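Student: Before we discuss any labels, could you put the structure in front of us, and then let me ask how each label is justified?

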Amino acid sequence: MLNIICDFTSVMSTIGRVLLAFVVLMFMVLIHEAGHYTAGKILGFQINEFAVGMGPKIFSKKKKNGEVFSLRALPLGGFCAFEGESDEEENSNPKAFNRQKPWKRLIVLFSGAFFNFISAILIAIIAFAGYGETVAVVGNVYDYAVESNHQLQSGDIIYKIDGKSVFILDNLNRYMKTDKMTFTVLRPVGEGDNVKYEEVVIENIVKSDYVSVVVSKLKGKYFSGERKLSEGDTIYKFNGKPLGAKDDFKNVFAQAQGECVLTVIGNDGYYDYTVDASEISNANIVVKESPYTGVGMSIGYAKHKFSFGKALGRSFPYCGEVAMLVLRTLGGLLTGAVGIDQVGGPITTITMTSQIVSTGFANILSLIVLISVNLAVFNLLPVPALDGCQMVFVLIEWIARKPINRKVQSYINGIGLIVLIVLMVLIDLLKL
């Protein structure tokens with residue numbers, strides 16, 4: 001009976017997370033459509049219906065001006081239906097979408113993405129000021145690093161590199177564009193509840209080529225206290241010798257006899273493992289060198305709560321960085337630099353969202369920021385069935401002073417919508 005109760009609780013918890021994921025996604029779609037609706041109202045467009053969800057109506061209310069607000073059965077998107085927007089023939093109503101001036105239509109089409117981006121900035125401010133931002137923290141500067149790099153101290157928060165704010169979205173090396181850099185760090189001063197952070201500017205941080213020595217194959221069990229040596233561990237020192245240059249491990253091992261000490265970098269410090277040189281000779285412990293370019297330090301990640309002023313100042317560039325990351329990812333898909341397995345369709349999005357919503361409100365806010373910016377960027381792409389494609393049609397009409405045949409536009413958008421749906425489903429199926 002207890003197992004049945006536990007299974008039922010687990011199922012209900014999963015259902016609850018999935019439902020909450022739908023609520024989060026629907027909230028962002030609602031913001032998007034609210035952008036179209038608000039701009040349309042201000043500019044005098046006739047709006048026939050504002051719908052949350054798709055499929056058959058389960059609730060609707062008609063206002064005196066004829067606008068219908070509806071809730072539909074499928075929690076998948078929504079829409080703001082303008083008079084004459086999808087008509088293949090010219091609509092005589094002066095308030096119809098296609099009768100409005102091109103600049104007005106461009107504003108209405110752009111406003112959905114604009115509202116998504118503005119909402120992302122506002123939520124980022126709340127998240128950064130109220131719950132903290134994930135920041136990069138200096139763990140240790142390795143012995144083999146260039147001497148000037150030892151100006152960095154354990155606990156320093158990497159705030160800026162060469163004047164550019166650092167955000168934890170992808171590889172930190174992307175900010176390291178010159179061989180000599182200026183780091184701005186937030187350095188902790190004091191202890192316990194009295195810790196304050198002072199801004200410190202450190203010049204002449206040097207970027208160099210190093211190698212990390214990683215355990216690639218392991219037979220047997222080796223312990224440092226309760227911690228077990230594992231494949232993927234990075235070996236920092238061999239018999240006290242820092243390993244940072246090509247062939248360092250091989251050169252030290254060539255002189256090793258009997259018991260050796262491997263110092264491994266852990267999340268919370270260093271661990272020494274005593275092994276016999278024969279264990280390496282017999283391939284019980286196999287390592288590989290992985291070259292990297294950096295400043296020769298370990299990086300950890302932590303939450304740091306900024307003041308409201310700093311949170312306000314960082315929110316806009318943060319959302320801009322997310323937008324650029326989306327564009328780089330899309331560009332990588334076209335060039336092959338990013339694999340199809342690194343992106344996801346609606347099922348992946350819902351699954352990921354349902355997992356994150358169970359980890360706390362702070363992570364929900366961060367997720368909303370990421371997906372809101374994704375929606376903004378994606379909808380502005382000149383892809384059929386998206387706002388960006390509609391904007392291209394309007395721009396062509398404005399320049400040529402004649403619209404593209406409405407039927408042709410309808411066919412292009414219809415085919416584009418089918419292709420998008422099929423593509424998103426295929427992406428999810430390929431990940432199964």
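Tutor: In this predicted model, the side chain of R314 reaches the backbone oxygen of V166 at 2.8 Å.

Student: What makes that approach of R314 to V166 a polar contact?

Tutor: The cut-off for a pair of N or O atoms is 3.5 Å, and the side chain of R314 comes to 2.8 Å from the backbone oxygen of V166, so the pair lies within the limit. R314, which sits in helix α5 (residues 308-335), is also in contact with residues beyond four places in sequence, including F128, E133, Y159 and F306.

Student: Why is R314 called buried?

Tutor: Buried means under 20% relative accessible area, and R314 has 3%, so the label applies.

Student: Why is W103 called partly exposed?

Tutor: The class runs between the buried limit of 20% and the exposed limit of 50%; W103, in helix α2, has a relative accessible area of 37% and therefore belongs to it.

Student: Which residues make the nonpolar surface patch?

Tutor: W103, I107, L395, W398 and I399 make this patch of about 520 Å². Two or more residues come from each of α2 (102-130) and α8, with α8 giving the largest share, three residues.

Student: How do you know that the length of helix α8 agrees with its number of residues?

Tutor: At 1.5 Å a residue, the 14 residues of α8 (residues 387-400) should span 20 Å, and because the end C-alpha atoms are 20 Å apart, the two values agree. Among the buried residues of α8 are F393, V394 and E397, and just after α8, R401 takes a positive phi of about 60°.

Notes. Residues numbered from 1 in each chain as written. Predicted model: local features only at pLDDT ≥ 70, side-chain atom pairs only at ≥ 80, totals over all residues. Heavy atoms only, no water. Helix = DSSP H or I, 4+ residues; strand = E, 2+ residues; numbered from the N terminus. Buried < 20%, exposed > 50% of the residue type's maximum accessible area, 1.4 Å probe, protein only. Polar contact = N/O pair within 3.5 Å; in protein donor to acceptor, adjacent residues only side chain to side chain. Contact = heavy atoms within 4.5 Å. Expected span 1.5 Å × (residues − 1). Patch = residues over 30% accessible without salt bridge, like charges linked within 9 Å, V, L, I, M, F, W, Y side chains within 5 Å. Areas by Shrake-Rupley, 256 points an atom, 1.4 Å probe, with all protein chains shown as cover. Salt bridge = Lys/Arg side-chain N within 4 Å of Asp/Glu carboxyl O.
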